[in-house]
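Q: Hey, got a minute to go over the holes and surface of this one with me? Let's sort out the terms before anything else.

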Amino acid sequence: FLYFIGSGLVRSAFQMKRGGGRQLPDAPPAWKPRRAYHYRNLAVFCGFLWLGIALIIVGAVTVPRERPADSAVSRGDSPTTSGPTTSVAPPPTSPAPTLSVSQLRTDPNAFFSLPLAAESACSVPPASADARKQWLRSTLNTLLAFGTRVAGSESPGFKNAHHMITRLSSCDSEADPARRYWRVWHDNSTQDTPIGRRGFSNVIAEMNHPPRNSDGSRPSSLYGPKGHLLVSAHFDSMLVHDFEFLGACDSASPVAMMLLMMRDLAQALRAAQVDAGSYSRDFPAYSFVFFDGEEAFVRWQGTDNTYGSRNLAARYEGNGDITTIDVFLLLDLLGPAQPSLHNYFASATGYDYQRLRTIESQFVTSGQRRTSAATRFFAAEPSGFASRIEDDHIPWLQRGVPVLHMIPLPFPPNWHAAGDDGRNIDDNTAADLYDIFAEYARTFDASASTSRRHRLARKRAESANAQQRRR
């Protein structure tokens, strides 16, 4: 039908006869008549072109919309505000509709309509081991369903991930202010990149910190013996032009671990009847940082990397908060099976690394570990590759902060590849790693850590140097 219509229209347009074409009245003398089959070929082409357009339209209208495999939670404010702010949007008032994958990847506010969007870091964590594993997978799938999360961008994937992390990190779903344990704020900056000026927005959540002095300072002397643990990961994904890079282990999976860990830690303070917003010296102070701008836009060299981490480290150095950190725990490239983690900074965080190995052994002995006990995650020997791995910890390491870098070596097979799409994440491995890190955070005690002794020794050296300069 389309062929005959196309043939008729083309022949009519060129005033064709069956025997062949004729010269157009205003054609130049050098123009030669063309045969009919040339126009029939054009008609066939037009027919198939219209047929393809018709199939696309019919397919778009009739193909059923598919709901994402698993939906996570939460929502937050837009990363367009300036300065450190505590800002969270109210929970949705109407039931969440079913969203297609295409909607998740094109609507920057799609997360606001997801089911369970009212959950937060103060919600009760999953009780059973299977429920924790399922929660981690569900949260990971939702992050990946948003699509690529290129740093400093206005893309729907980045905005929805930022909304989700802000919402899940906060406790604004709690009607009672006394139950809001986590304080959430954004560290925003605008920086030069090889592809132009870009805005970056880190998400920071703090719990159980002592109040600041009247001048805004919060020196380390205000913290109790349990100290201050900072846990971090980056939530952006690498800019790739050839394919959509989702970054499941790099680093959506560590982000999911952190979001669940925040629930567990809030539950621990709630169970101990610690008032939200107050400070208890019986528990560590916690800071959870979700970095924007870890990945390079063009090539990892110079300042084309760690944009968010560098800005926040400078801010902490400026207000003195950086001296309060006992351990800077960085999670990266976690989730694939059989990771090999190493003690990269034995002199500063050797005790903390051994603590992780001890917890792993306890889980193996008690039968709590899901993966094979024959393969240990944490290597026994120190690694000599500390100076060769560049990551978000570098700006903090340069300022003397004790670093516990949890990144496998060798890197996972799908590192910076299209295969890092979620299918490479082993749920049992991710759940086992989560249990170890969560137990380490719950039982963190800086008074027994080499990191505190390292930090105190550094402060004494700085004080001595300052006195020497004054003399």
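A: Sure. One term to settle is residue class: Ala, Val, Leu, Ile, Met, Phe, Trp, Tyr, Cys and Pro count as nonpolar, Asp, Glu, Lys and Arg as charged, and the others, Gly among them, as polar. Also keep in mind that this is a predicted model.

Q: Fine. By class, what does the lining of the largest cavity have, then?

A: Seven nonpolar, one polar and three charged residues. The charged ones are K133, R137 and D427, and the polar one is S253.

Q: And which others line the largest cavity?

A: The rest of that lining is L136, L140, A256, M257, I425, A430 and A431.

Q: Which elements give two or more residues there?

A: Those are α4 (129-145), α6 (248-271) and α10 (427-442). Helix α4 gives the most, with four residues.

Q: How much space is in the largest cavity?

A: About 70 Å³.

Q: How many cavities of 30 Å³ or more does the structure hold?

A: Three. The second largest has a volume of about 50 Å³.

Q: What lines that second largest one?

A: E360, F363, Q368, R369, R370, D432, D435 and I436. By class that's two nonpolar, one polar and five charged residues.

Q: Where does the largest share of that lining come from?

A: From α10, with three residues. Both α8 (346-366) and α10 give two or more residues to the second largest cavity. So α10 turns up again, as it also gives two or more to the lining of the largest cavity.

Q: OK, switching to pockets. What volume does the largest pocket have?

A: About 340 Å³. It's lined by 21 residues, and R183, E206, H209, P210 and R218 lie nearest its centre.

Q: How do the residues of that lining divide by class?

A: Nine nonpolar, five polar and seven charged.

Q: Which elements each supply at least two residues to the largest pocket?

A: β1 (183-193), β2 (196-207) and α7 (307-319). The largest share comes from α7, with three residues.

Q: And how much space lies in the second largest pocket?

A: About 290 Å³. It has 19 lining residues, and the closest to its centre are E294, E295, W300, W415 and H416.

Q: How does that lining divide by class?

A: Eleven nonpolar, one polar and seven charged.

Q: Let's go to the outside. Which residues form the nonpolar patch on the surface?

A: F45, L49, W50, I53 and I57, with about 490 Å² of accessible area together.

Q: Where is F45 found?

A: In helix α2, residues 36-62.

Q: Why call F45 exposed?

A: Because its relative accessible area is 53%, and exposed means over 50%.

Q: What about I165, buried or exposed?

A: I165 is buried, because its relative accessible area is 1% and the cut-off for buried is under 20%.

Q: Where does I165 sit?

A: In helix α5, residues 156-169.

Q: What separates the C-alpha atoms of I165 and V203?

A: The C-alpha atoms of I165 and V203 are separated by 7.5 Å, with the two residues 38 apart along the chain. V203 falls within the β2 range, 196-207.

Technical notes: Residues are numbered from 1 along each chain as its sequence is written. This is a predicted model: local features need pLDDT of at least 70, side-chain atom pairs count only at pLDDT 80 or more; totals for chains, interfaces and linings use all residues. Side-chain values use heavy atoms; hydrogens and water are left out. On a 1 Å grid over the protein atoms alone, a cavity is a set of points where a 1.4 Å probe fits but cannot get out, and a pocket is an open set with protein on both sides within 12 Å along at least five of seven lines; lining residues have an atom within 4 Å of a point. Grid points are joined across faces, edges and corners, and a volume is the space filled by probe spheres set on the points. Patches are made of residues with over 30% relative accessible area and no salt bridge: like charges are joined within 9 Å, nonpolar side chains (Val, Leu, Ile, Met, Phe, Trp, Tyr) within 5 Å. Accessible areas come from the Shrake-Rupley method with a 1.4 Å probe; for residues, only the protein chains shown count as cover. A salt bridge is a side-chain nitrogen of Lys or Arg within 4 Å of a carboxyl oxygen of Asp or Glu. Buried means under 20% relative accessible area, exposed over 50%, partly exposed in between (1.4 Å probe, protein chains only).
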